[in-house]
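This report describes the fold, the confidence and selected local features of one protein chain. The sequence and the model are shown first.

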Amino acid sequence: MSTPQQGSALERLRGLGREVAKFGAVGGVGVLVNLGVFNLIRHTTDLQVVRASVIATVVAIVTNYIGFRYFTYRDRARTGSSRELPLFVAFSVIGLVIENGVLYTATYGFGWDGPLATNVFKFIGIGTATVFRFWSYRTWVFKALPEPAQAPAAAQAPASASALAPPRGGAESGPSAARAPEPAGK
C-alpha cells in the first residue's frame, strides 16, 4: 500500500487493513520477543522490573525495525539511515517510555509487582505504546511513496476505430498518413 491517499474509500480501507495485518504480524513477533526477553531477564537476574523491561523493549525494537522495513513497509519510500533510522529510534524511545511508564506506575505506584501483575501491565503498556507506534511509523518514518505522475488524458485514451481506419476518398494510407506535416523549412 504505497499510496494510501489515492483510490476509492473501499480501496483505502482494504489497504489500511493489509497494513494493519502486516504491522500486527511484525508486532506480534515483537511482543513475543519483548515478553520472552523480559521474563528471561527477570527469572535469571536480579535486575529490577523496569530495567529488565527496558532491555527487553530495546531488543524488540531492533527486531521490529527489521520486520517493518523489510516486510510491512517494504514498498514505502526508502529515505535512508540519515532520516528513517533516527526517526524510528526517536518514536521507538517515546513508545518505550509509554510502555514502561505503565509498568513503572503499576509496580512502584500501586505495588503490583508479582510475576503475573508485571506481565499483565507489561502487556498493557505494549498495547498502549503500539497505538502510538503505528501512527508515528506510518506517518513519519515509513512515508508512502508519492502517486506516480499521470500521462495526459489524450495519451491514455485508447485509439478509436475511426482513427485506425484508412481515410476515405483515396487519400494516402499507411504509416505516413498518420504523420503530422513537416515544417516547410526542412
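The pLDDT is the predictor's confidence in each residue, on a scale from 0 to 100. The model discussed here is predicted. Across the protein the pLDDT averages 82, and 73% of the residues score at least 70. Confidence is highest in helix α3 (residues 84-109), with a mean of 95, and lowest in helix α6 (residues 161-164), where the mean is 49.

**Overall architecture**

The protein contains six helices and zero strands, and its pattern along the sequence reads α-α-α-α-α-α. Among contacts with a separation of 6 or more, 71% join residues that are 24 or more positions apart. The protein has 186 residues, 28% of which count as buried. Its accessible surface amounts to about 11,700 Å², and carbon and sulfur atoms hold 66% of that area.

**Helix α1**

Helix α1 covers residues 9-44. How far apart are its end C-alpha atoms? They lie 51 Å apart, which agrees with the 52 Å that its 36 residues should span at 1.5 Å a residue.

The buried residues of α1 are G15, E19, F23, V26, G27, G30, V31, N34, L35, F38 and I41. These buried residues pack against α2 (49-72), α3 and α4. As background to such a list, an α-helix has 3.6 residues a turn, so residues three or four places apart point the same way.

L16 also lies in helix α1. Is L16 buried or partly exposed? With a relative accessible area of 31%, L16 is partly exposed, because buried residues fall under 20% and exposed ones over 50%. L16 joins L10, L13 and V20 in a nonpolar surface patch of about 340 Å².

**G127 in helix α4**

G127 belongs to helix α4 (residues 115-141). Its relative accessibility is 36%, so G127 counts as partly exposed. The C-alpha atom of G127 is separated by 9.9 Å from that of G27, although the two residues are 100 residues apart along the chain. G27 is itself one of the buried residues of α1.

The two partly exposed residues discussed above are set out below.

| Residue | Helix | Relative accessible area |
|---|---|---|
| L16 | α1 (residues 9-44) | 31% |
| G127 | α4 (residues 115-141) | 36% |

**Summary of α1**

Helix α1 thus presents two aspects in the model. Its buried residues pack against α2, α3 and α4, while L10, L13, L16 and V20 make a nonpolar surface patch.

Note on methods: Residues numbered from 1 in each chain as written. Predicted model: local features only at pLDDT ≥ 70, side-chain atom pairs only at ≥ 80, totals over all residues. Heavy atoms only, no water. Patch = residues over 30% accessible without salt bridge, like charges linked within 9 Å, V, L, I, M, F, W, Y side chains within 5 Å. Areas by Shrake-Rupley, 256 points an atom, 1.4 Å probe, with all protein chains shown as cover. Salt bridge = Lys/Arg side-chain N within 4 Å of Asp/Glu carboxyl O. Helix = DSSP H or I, 4+ residues; strand = E, 2+ residues; numbered from the N terminus. Buried < 20%, exposed > 50% of the residue type's maximum accessible area, 1.4 Å probe, protein only. Contact = heavy atoms within 4.5 Å. Expected span 1.5 Å × (residues − 1).
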